[in-house]
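Student: I would like to take a close look at one part of this model, the surroundings of the bound ligand, and then to see how a few other sites compare in their setting. Please go through it carefully.

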Amino acid sequence: MIPLVDLKAQYVSIRSEIDGAMQAVLEQTAFIGGAELQQFEAEFAAYCGAKACVGVGNGTDALYLALRVLGIGPGDEVITVAHTFIATAEAISLTGAKPVFVDIREDTMLMNPDALEAAITPRTRAVIVVHLYGQPCEMDRIVEIARHHNLKVVEDAAQAHGAYWQGQRVGTLGDVACFSFYPGKNLGAYGDGGAVVSQDEDLIHRIRRLANHGRLEKYTHEIEGVNSRLDGLQASILRIKLRHLDQWNAARQRHAAHYLEALGGSGVKLPTVHPKAESVWHLFVIRVSEREHLQARLKEQGIATGIHYPLPLHQQPAYKYLGISEGTLPVSEKVASEIVSLPMYAELTEEQVDTVIKAVTTLTKLV
Ligand SMILES: *Cc1c(COP(=O)(O)O)cnc(C)c1O
């Protein structure tokens, strides 16, 4: 069996470090707040090259809290892509603002800057770029467009911990960046977790307050906030894992290079990385016309696959109310019908990657 992702293999490789760190938190009963959390926040900010970081409950909250402190609310429009996980758009709706979906580029499957520019109205306040599959968006063009129209830029970096755009890590490419530590992400906790990072220390300060019942001191609530915190156990786990992240991302890059080279002669469309981007390959996504056939045959051979994501958000029942008709985002719609995610995680062996390559090559030659 070759799974899509193997969380057990990763745990086994760092078991003693993790068990020791968790035991220490239990002994100190530092379950909410505490030294591990503070240290993780400092270390993750440094990793991203950012001035400040605040741990929050999950990646969806990270996006919601970032939009809230940027002042986004009812009557505002926030532009993002429909080719993403629903959390990106949920965070916009949660503030009372309206999500506006734009199309993606056919090659990178990321936000098309021309489509962004065309969708800006007097109500547009911000854009959420999604560094999907581990690859950063075209930040030079997107930031230029955003600055020209006075829009805030939020990075949804939930799938791109450690990726680079023009030699700069994601996290500092816009005004504020949001991360998820959902277990299967490149940097994953053992439960829910998230973080917001920024070069703007005041912005992070205000998120910290909003995420902790509107307070910075125990009994003074300056505003009404919410409860969305990264807990001490997760912080201790993330501190251990952060030390391994670059090495794990490098392993993903080796697997991706292997897939790209060996699948060149097969009948599948391979993922494209922009020359200015360095992907951390959260997912390795190919495109085929006979998707169901390929997935079923691979499954018979013990190879798991996934689809990220089968339906663009404007076509999901949840967004029917927006009244966006089919054909409005042709590239997103076409890509969603063709994509297949192949097994991708650091602990994959070369032999396993070879097995997937042989199976895909044989099957796509027959179709
Ligand atoms: C995982 C993910 C999120 C949400 O993160 P959670 O921690 O699950 O709330 C947001 N955006 C993208 C692109 C994601 O992949």
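Student: How many residues surround the ligand, and which are the closest?

Tutor: This is a predicted model, and in it 15 residues surround the ligand, the closest being Gly59, Thr60, Asp156, Ser180 and Lys185. Three side chains can be described by their polar atoms: that of Thr60 has one lying 2.5 Å from an oxygen atom of the ligand, that of Ser180 has one at 2.6 Å from a ligand oxygen, and that of Gln159 has one at 2.8 Å from an oxygen atom of the ligand. The protein covers 93% of the 380 Å² of accessible area that the ligand has on its own. As for where the ligand is placed, it sits in the largest pocket. Among the elements around it, helices α4 (59-69) and α5 (87-94) each supply at least two residues of the shell.

From the ligand we can turn to strand β8, which spans residues 176-180 and holds Val176. Val176 counts as buried because its relative accessibility is 0%, which is under the 20% cut-off. The residues that Val176 touches, leaving out those up to four places away in sequence, are Ala66, Leu70, Val153, Val154, Glu155, Val196, Val197, Ser198 and Leu203. One of these, Val197, is 21 residues from Val176 in sequence, while the C-alpha atoms of the two are 6.0 Å apart in space.

Two helical sites can be read in the same manner. Glu41 has its place in helix α3, residues 35-48, and is classed as buried because its relative accessible area is 7%. Apart from neighbours within four places in sequence, Glu41 is in contact with Cys53, Val54, Gly55 and Arg208. His244, for its part, is found in helix α9, residues 232-262, and a relative accessible area of 16% makes His244 buried as well, since the class takes in values under 20%. When residues up to four places away in sequence are not counted, His244 touches Ile14 and Glu17.

The backbone deserves a look too, and here a general expectation helps: most residues other than glycine have a negative phi, and most peptide bonds are trans. Asn150, which is not a glycine, has a positive phi of about 60°, and Asn150 lies in the loop between α7 (139-148) and β5 (152-156). With a relative accessible area of 70%, Asn150 is exposed, because that class begins over 50%. Trp281 also has a positive phi, near 45°, in a residue other than glycine, and its place is in the loop between β12 (277-278) and β13 (284-287). Trp281, however, is buried, with a relative accessible area of 8%, whereas Asn150 is exposed.

The peptide bond that joins His308 and Tyr309 is cis, with omega at about 10°. Tyr309 is placed in the loop between α10 (291-300) and α11 (330-338).

To return to the part you asked about, the ligand sits in the largest pocket, with polar side-chain atoms of Thr60, Gln159 and Ser180 each lying within the stated distances of a ligand oxygen.

Key. Residues numbered from 1 in each chain as written. Predicted model: local features only at pLDDT ≥ 70, side-chain atom pairs only at ≥ 80, totals over all residues. Heavy atoms only, no water. Helix = DSSP H or I, 4+ residues; strand = E, 2+ residues; numbered from the N terminus. Buried < 20%, exposed > 50% of the residue type's maximum accessible area, 1.4 Å probe, protein only. Contact = heavy atoms within 4.5 Å. Near = heavy atom within 4 Å. Polar contact = N/O pair within 3.5 Å; in protein donor to acceptor, adjacent residues only side chain to side chain. Areas by Shrake-Rupley, 256 points an atom, 1.4 Å probe, with all protein chains shown as cover. 1 Å grid on protein atoms, 1.4 Å probe; cavity = no way out; pocket = protein on both sides within 12 Å on 5 of 7 lines; lining within 4 Å. Sits in = over half its atoms within 2 Å of the grid points.
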